[in-house]
Amino acid sequence: MAAAAAATWEEILQLSQQFQSAQSARASQRLSERNCIEIVAKLIAEKQLDVVHTLDGKEYITPAQISREIRDELHVCGGRVNIVDLQQVINVDLLHIESRANDIVKSDRTVQLVLGQLIDEHYLDQVAEETNDKLQETGQVKISDLCKTYDLPGDFLKQALSARLGKIIHGQIDQDNRGVIFTEAFVTRHRARIRGLFSAITRPTAVINLISRQGFQEHLLYSVLEELVNAGRLKGTVVGGRQDRAVFVPDIYARTQSNWVDSFFKQNGYLEFDALSRLGIPDPVNYVKKRYKSLRLLFLKTSCVGQEIMDQVEASVDEAISSGTWVDIVPLLPSSLSVEDASMLLQQVMRSFVNQPSTLVFGDTVVVSEKFLNNCAELFNDRMHQKAEKEVKNNNPVNLITEEDLKQSSLLENASSSKKDKKDERRKKANEGSGSVRGSGGGNAREIKIKKTKKKGRKDVDSDEESQASSTNRSKHLEVLFMSHEEISDVLRKHIRDCPEELILELADHLVRPLTKSYQEVLRSLFMSSASNSSGASRKKTIKDLQEEVSSLYNNVRLFEKGAKHFTDETQTNIARHMLKTVCTDITNLIFNFLAADVMMAAEDYTVLTSEMRKKILSTLHEEMRGPLTKLHISLNGKSIEEFVSALDAATEACDIMVKRGDKKKERQILFQHRQALVEQLKVTEDPALVLHLTSVLLFQFSTHCMLHAPGRCVPQIVTSLSTKIPEDQHSCLVRYQGLVVKQLSGQNKKIGQGDDDSLDNNPEVEGSTAAIRKELQELTASVKDLVLRPRKSSASEEPES
């Protein structure tokens, strides 16, 4: 043994001598620092050497050394170190430190990487010991507080501390709230406090109030309280679950409460939810449902009622139906029930009377039998017939029709003569050319429209806006009202006694439409009877008048169209649209109004018919007439006279209306009458715009022997066309007068556009200019009228033949 030790020592001495000799020997070749760096870099590139360059560039360090230094630093820091801090200590790039830290975590289960920090089991044991000390001192510790203290995630701490329960930490974790650790002594102490506190409670108490006042741990209290209640140690129940509304109700209070509820329900037959809430029952609906499972209760908005009250209401309703009266269920119900409750109760009761005679519910609580409603309606029968007879006697128009009435009207018409025979007869008359045409009728209607438009000093607007606006006002006339709501209410008050005012008003509301409908039926029946008794001669006379008036307007349209062809296409279009809105619309309204008389929808003045009224009349016509008349109605919105004439021919043929075309003699008569009407109008007017319009149209007729029906916007084109048809001095006068009229109208429009601007009224230049224009117009008006009114040789083509 001693010999072996001596041999080993000799070897050590020899190695030491060799090392000293090596150090003292001089090297034959030395490498510079630069060459060493290049050699190491080459080895690293070829992966023959695994080293890491330090941040200061003075040293190389191996990964194994990095790992050793990380472990040493982790031990020095007590088992927890931040990776960022390791960079300053080890002096290498953070990427290499993170890589070696991950390798350490994978190879060593006792080390964990949490939020960029290395933590070992020693540190966690130390945390567990500190937690245990605090737990033994306070009785409970919250994981959330530990997270703030140690700056660690809650799930990580919970897992780490749970693994040390019973070993280092002497306590247990709350199963309902795993964020709390407490000791057995803490639970025992709380159980005793909870048992004593709730044993002393004699009335319902909110649990949340006790938690805040006594400082109980919420989840622990609910767990212990449920355990004590289920074990029978505490006599009571927890109502409302584990919520802020949870209430502990002791058995002694519950028994007193139940006795009061049973007694009240037995005596009154209902329970009010507000009263149960005042007793301390937090959820009255569920309480009643649980307590009276076997009883048939009706749950309303604010209360619930038993079968006795429902039977009482049902009996009262049954009696009202059988006796033909009405009943209000509100007096039959407890005063505490609201109107909404009464309505819900009545809806439930009325389900039992589905197969009974129909009834109505008024005001949510009043049941009215059908017999009572019929009796109320019969009170108006005499008044209805008297008023209907008066209407028929006064021959007031009726604007109502049904399909049944159409059939009856058709039967009456077929009884007098066949439709086919009438067509043949009228075609025969048309071929013979019999009858005469009055030329003044259509001309007067057209002249009235011109005068009305020009007196307003406005340009004609070719649109349906006016007719659409007026149709709303006239729609009120399309309904025949029997009696107003107030009149019906007055009659009911006189004949029905002991009836509340609300029911009277609702009965009147209900009866307005049925009475109006019945009145319309009576009125319609009387009118149909009156129509069936009317003589055939009167009907024939009406058709003859219609044919003459339509023929007159038709011939006017043809002559106006002939005059319009002297102008350009654009002007012809404007004139055509104006004719469609005026003369053509009059023809269409004449035909529609005549057909409307057959279904009692005619108006006294056909010119008041609007587009909407024509559509309503179309809906009442037979299919063979509806198609052509619809095309005629649509053609009024176009811009072609030819399209209108084509639609008019088809419509008159479908309606058996014979239109007589005028001959040369009749055309001369119409031209003369039209000219005379315009001349008479020119004589009496002093409006410069209207004087210019009438003079231009008359000069055009004198020079071309053609009638013209043009809007105000076409006057400049008419004046321009006269430049080659009248002497130059007359045309110059007319052009000068036109310029003054335009200036006057422009000044008026500008003043209207400025509103009530006093600066314009007080401007001397503006006032002087306006006065000068007005004076010059007055001086020229007589000269312009003389262009037409002074004696001249009349054209032979325009003189009427005797």
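Contact between residues is taken to mean heavy atoms within 4.5 Å. In this predicted model, His485 meets that criterion with Leu505, Ala508, Asp509 and Val512, when residues up to four places away in sequence are not counted. His485 belongs to helix H23, which spans residues 485-495. One of these contacts, Asp509, is 24 residues away from His485 along the chain, and the C-alpha atoms of the two are separated by 6.6 Å. With a relative accessibility of 23%, His485 is classed as partly exposed, because the buried class is reserved for values under 20%.

A second histidine, His633, is located in helix H29. Its relative accessibility is 7%, and His633 is therefore counted as buried. Leaving aside residues up to four places away in sequence, the contacts of His633 are Phe592, Ser611, Arg614, Lys615 and Leu618.

Helix H29 (residues 623-635) also takes part in a helix pair with H30 (residues 641-654). Two packed helices are described by the angle between their axes and the distance between the axes. For H29 and H30, the axes approach to within 8 Å and the crossing angle is roughly 155°. Since angles over 145 degrees are assigned to this class, H29 and H30 are roughly antiparallel to each other. The handedness of the H29 and H30 crossing is left-handed. On the H29 side, the residues that meet H30 are Glu624, Met625, Pro628, Leu629, Lys631, Leu632 and Ser635. Their counterparts in H30 are Glu643, Phe644, Ala647, Leu648, Ala650, Ala651 and Ala654. Sorted by class, the contact of H29 with H30 comprises ten nonpolar residues, one polar residue and three charged residues.

Strand pairing was examined next. Strands of a sheet pair through backbone hydrogen bonds, either parallel or antiparallel. An open sheet of three strands is arranged in the order E3-E5-E4, with antiparallel pairing. E3 and E4 occupy the edges and have a single partner strand each, so one side of each lacks a neighbour in the sheet. From one strand to the next, the twist of this sheet averages 20°.

Strand E3 (residues 80-82) is joined to E5 by three bridges, and the two strands run antiparallel. Within this pairing, Arg80 has Ile119 of E5 as its bridge partner. Four bridges connect strand E4 (residues 111-114) with E5, again in the antiparallel sense. Val111 is bridged to Asp120 of E5, while Val114 stands opposite Gln117 in E5. E4 and E5 form a hairpin in which two residues separate the strands. In the turn of this hairpin, Leu115 has a positive phi of about 50°. Strand E5 (residues 117-120) is covered on both faces. Gln117 and Ile119 are buried on one side, and Leu118 and Asp120 are buried on the other.

Another open sheet of three strands follows the order E15-E17-E16, and its pairing is antiparallel. The edges are formed by strand E15 (326-328) and strand E16 (359-362); each has a single partner strand, so one side of each is left without a neighbour in the sheet. Here the twist averages 20° from one strand to the next. Three bridges link E15 to strand E17 (residues 366-369) in the antiparallel sense, and Asp328 is placed opposite Val366 of E17. Helix H15 (residues 307-323) packs on this sheet and touches E15, E16 and E17. The direction of H15 makes about 155° with that of E15.

Positive phi values also occur at two loop residues. Asp151, a residue other than glycine, has phi near 55°. Asp151 lies in the loop between helix H7 (143-150) and helix H8 (154-162). The relative accessible area of Asp151 is 55%, and Asp151 is therefore classed as exposed. For His705, likewise a residue other than glycine, phi is positive and near 60°. The loop that holds His705 runs between helix H32 (688-704) and helix H33 (715-721). His705 counts as partly exposed because its relative accessibility is 33%.

Note on methods
Residues are numbered from 1 along each chain as its sequence is written. This is a predicted model: local features need pLDDT of at least 70, side-chain atom pairs count only at pLDDT 80 or more; totals for chains, interfaces and linings use all residues. Side-chain values use heavy atoms; hydrogens and water are left out. Buried means under 20% relative accessible area, exposed over 50%, partly exposed in between (1.4 Å probe, protein chains only). Two strands pair if DSSP finds at least two bridges between them. Axes are lines fitted to C-alpha atoms, for helices over the stretch in contact, and angles run from 0 to 180 degrees between N-to-C directions. Angles under 35 degrees count as roughly parallel, over 145 as roughly antiparallel, 65 to 115 as roughly perpendicular and the rest as oblique. A crossing is left-handed if the near helix is turned anticlockwise from the far one by less than a right angle, and right-handed if clockwise. Ala, Val, Leu, Ile, Met, Phe, Trp, Tyr, Cys and Pro count as nonpolar, Asp, Glu, Lys and Arg as charged, and the others, Gly among them, as polar.
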